[in-house]
Amino acid sequence: YLDTKKPKNYPPGPKWLPIVGSALEVADKRKKCRYLYQATAEMAREYGPVIGLKVGKDLVVVVYGKHEIREFLSSEDLAGRPKGLFFEMRTWGERLGVLLTDSEFWQEQRRFILRQLREFGFGRKNMSSMIEDETGIMVKSFYNMLEPNGSMTINMECAFNIHILNTLWMMLAGIRYSPEDKNLKSLQDILGRLFANVDMVGAPFSQFPILKFIAPEVSGYKLYVETHQQLWEFLNEELKRHKATWDENNPRGFMDVYLKILNSPDRKSSFCEKQLLAICMDMFMAGSETTSKSLGFCFLNLILYPDVQKKAQQEIDRVVGRDRLPGLTDRPQMPYMECVVLETLRVFAGRAFTVPHRALRDTHLSGYFIPKDAMVIANLHGAMMGPDSGVEDPEIFRPERHMKDGKITLADTYIPFGFGKHRCLGESLARANIFLFTSALLQHFNFSISPGCPPSTECIDGVTPGPLPFKALITPRK
Ligand code: HEM
C-alpha cells in the first residue's frame with residue numbers, strides 16, 4: 001500500500017501516492033471526462049498506448065492502442081484471470097472450491113461449453129428456433145401494449161431485458177418464463193442489483209479490502225456478497241429440480257448436458273456441480289447486460305437515424321415479407337441488417353473494456369515490463385473508435401461502413417468480442433439475438449423520437465456502457 005516506487009520499465013502513467021496509488025487521478029479524470037473509457041483514452045494521449053496504474057494495492061495496466069491490444073490479447077503470459085479481490089465474484093467461487101480462474105480447468109470447461117454452443121442444439125429445441133419463438137412472443141407483447149390510439153411510447157433501453165434473460169435461461173436450463181412470473185422478476189431483480197453494485201475498476205472494497213470489515217454496508221461489500229449468494233441459490237434450486245427430473249435422452253438445456261457428464265464414470269476431475277453453477281453464473285453475468293444494452297444502443301440509433309431504419313425495413317420486406325417472422329436462415333440474404341448488428345456492436349463495445357486479465361508470470365508488453373499478477377485490461381475504444389482506429393466519423397451510426405463492394409468486410413480492429421484464449425463464448429448467441437429481435441420488431445413497427453422527449457446520446461458509465469433511459473414512439477407499420 002505504501003510503496004510508491006514503480007517497477008523498472010513499468011508502463012508510464014500517473015504518479016503513485018501512498019495507499020491510493022493512482023486512484024485519485026483516475027477518479028479525477030473520470031469525473032472530468034464523465035466516462036471511464038474516455039478518462040483512460042485521455043491518459044493514453046498523455047502517457048502512451050499502454051498505461052501503468054496502481055489502484056490501492058493492485059497493479060493495473062490499461063491497454064488502449066490498437067496494435068498493443070492485439071499483442072495483449074494474443075499473449076499467453078497475459079491470459080490469466082484476476083485472482084484476488086478485484087474479481088470478487090470469482091474469488092467468491094474459489095472460496096466454494098470452484099477453480100474458474102486461469103487454470104487448465106477453465107480451458108477444459110471452456111472447450112466443453114464452446115462445443116455445446118457451437119452445436120447449437122443442446123436443448124429440446126435447437127437454439128435458433130428457441131430464439132425465433134422468443135422473438136414471436138416479444139412482437140406479440142408489443143402489439144398488446146399498444147394504446148387505443150394505435151401507438152405507444154415506451155422506455156426502449158430496458159424493453160429487451162426479459163427476452164434476453166429468457167434466451168439465456170432457455171439455453172442453460174430449458175426454461176422460459178412469462179413476463180409476470182415471480183421467478184423471472186426475482187432473477188431480474190438480483191441481476192439488476194448485482195450490476196448496479198459493480199464497477200469496471202471494481203467496487204471500492206476490491207482495492208481496499210479493509211473496507212469489507214470496517215464498512216461492509218457503505219463499501220457495498222454486504223450487498224455484493226448477498227446478491228451473489230441469491231443468484232447462486234436461485235441456480236442451485238434449479239439444479240436440484242433438474243437432478244430430480246433428469247432424463248438422459250431428453251436434455252432440456254446446458255444443465256442437463258452437464259449432468260450427463262457428471263453421471264458418466266470417466267468424467268474429468270474439473271467437472272463438478274459447483275463448477276456447473278459457476279458457469280451458469282458467468283453466463284448470466286456476461287450475457288444479460290451486454291446484449292440488452294447493445295439492443296438499447298441499436299434502437300437509440302434507429303430512431304436517431306430514420307434512413308437506416310427505412311433501409312433495414314426495405315430489406316426485411318424484400319427478403320422475408322410480412323407473412324412470417326425473420327429467421328436465422330434469412331441472414332445471408334440480409335447483409336444490410338447484418339451491418340446494423342455489426343454497427344450496434346461497434347458503438348456498444350467501442351465504449352467498453354475487455355474482462356480483466358492477469359499476468360501469469362513476469363512478462364513484457366510493447367517493450368514495457370508487466371510484473372506477475374498485474375491486472376491487464378483493454379479499453380476497446382482505442383481499437384474501435386479512437387483516433388488511431390482508422391474508423392471515419394466514429395460517433396456516427398453508419399452500417400454501410402462494414403460493406404465493401406457489396407460484401408461485408410470487417411476491419412482488423414473490429415474486435416467487439418475480443419480474441420485469443422478468452423474470446424467471448426456467447427458471440428453467436430448475442431449476434432443471433434440482436435439480429436432476430438431487431439429485424440422482427442422493424443418488420444412490424446416504426447420507431448421514432450417521442451414528441452417532446454428527444455433522446456440523449458450520453459450514456460451510462462459502468463461495467464458495460466448503456467444508453468441513458470429514452471423513450472420511443474412506436475407505431476405499427478401499415
Ligand atoms: C453484445 C454482446 C456481447 C459482447 C459485446 C461480449 C463481449 C465480450 C468480451 C469483449 C469478452 C472478453 C474477452 C477477453 O477478456 O479477452 C467476453 C468474454 C466472455 N463472454 Fe461475452 N460478450 C457478449 C455477450 C455474451 C453472451 C450472450 C454470453 C453468454 C451466453 C457471453 C459469455 C462470455 C463469457 C463466458 C466470457 C469469458 C470467456 C473466458 O474468460 O474464456 N458473452 N465477452
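Student: Where should I begin with the strands, and which residue of β7 does His 357 stand opposite?

Tutor: Begin with a single bridge and then widen the view to the strands that carry it. In this predicted model, His 357 stands opposite Val 376 in β7. Strand β4 (residues 357–358) is joined to β7 by two bridges, and the two strands run antiparallel.

Student: In which sense, parallel or antiparallel, do β2 and β7 run?

Tutor: Strand β2 (residues 58–63) and β7 run parallel and are joined by four bridges. Val 60 has Met 375 as its bridge partner in β7, while Val 61 stands opposite Val 376. Val 376 thus appears in two of the pairs described here, facing Val 61 in one and His 357 in the other.

Student: What is the order of the strands in the open sheet, and which of them stand at the edges?

Tutor: The open sheet has four strands in the order β1-β2-β7-β4, with mixed pairing. Because β1 (50–55) and β4 each have a single partner strand, they stand at the edges, and one side of each is left without a neighbour in the sheet.

Student: How do I read the two faces of a strand, and which residues of β7 lie on each side?

Tutor: The general idea is that side chains in a regular strand alternate between the two faces of the sheet. In strand β7 (residues 375–378), Met 375 and Ile 377 are on one side and Val 376 and Ala 378 on the other, and since all four are buried, both faces are covered.

Student: Which residues touch the most other members of the largest nonpolar core, and which helix gives that core its largest share?

Tutor: The largest nonpolar core has 107 residues, and those that touch the most other members are Val 61, Val 63, Leu 172, Cys 280 and Val 376. Its largest share, 15 residues, comes from helix α13 (residues 273–304). Leu 172 serves as an example of the contacts involved: beyond its neighbours within four places in sequence, Leu 172 is in contact with Gly 253, Phe 254, Met 255, Cys 280 and Met 283.

Student: How do I read a helix such as α13, and what span should its 32 residues have?

Tutor: In general, an α-helix has 3.6 residues a turn, so residues three or four places apart point the same way. For α13, 1.5 Å a residue leads to an expected span of 46 Å, and the end C-alpha atoms are 47 Å apart, which agrees. The helix is also mostly covered, with 27 of its 32 residues buried.

Student: How many residues surround the ligand, and which helix gives the most to that shell?

Tutor: The ligand is surrounded by 24 residues, of which the closest are Ala 286, Gly 287, Gly 418, Cys 424 and Gly 426. Helix α13 gives the most to this shell, seven residues, and at least two residues each are supplied by α13, α15 (335–349) and α17 (427–444). By character, the shell divides into 13 nonpolar, eight polar and three charged residues.

Student: Which strands pair with β13?

Tutor: Strand β3 (residues 152–155) is joined to β13 (residues 471–476) by four bridges and runs antiparallel to it, and strand β10 (residues 445–449) pairs with β13 in the antiparallel sense over five bridges. Ile 474 is the bridge partner of Met 152, and Phe 447 also stands opposite Ile 474.

Student: Is Pro 476 buried, partly exposed or exposed, and which residues does Pro 476 touch?

Tutor: Pro 476, which lies in strand β13, is partly exposed because 13 other C-beta atoms lie within 10 Å, whereas a buried residue needs 20 or more. Not counting residues up to four places away in sequence, Pro 476 touches Gly 150, His 444 and Phe 445. The C-alpha atoms of Pro 476 and Gln 107, which are 369 residues apart along the chain, are separated by 47 Å.

Student: What is the phi of Asp 393, and what is the phi of Asp 405?

Tutor: Asp 393 has a phi near 40 degrees, a positive value in a residue other than glycine, and Asp 405, also not a glycine, has a positive phi of about 45 degrees. Asp 393 sits in the loop between α16 (381–384) and β8 (403–404), and Asp 405 in the loop between β8 and β9 (407–408). Asp 393 counts as exposed because it has 8 C-beta neighbours inside 10 Å, and Asp 405 counts as exposed because it has 5.

Technical notes
Residues numbered from 1 in each chain as written. Predicted model: local features only at pLDDT ≥ 70, side-chain atom pairs only at ≥ 80, totals over all residues. Core = buried A, V, L, I, M, F, W, Y, C linked by C-beta atoms within 7 Å. Buried ≥ 20, exposed ≤ 12 C-beta atoms within 10 Å, placed from the backbone. Contact = placed C-beta atoms within 7 Å. Near = placed C-beta within 6 Å. Nonpolar A, V, L, I, M, F, W, Y, C, P; charged D, E, K, R; others polar. Pairing = 2+ DSSP bridges. Expected span 1.5 Å × (residues − 1).
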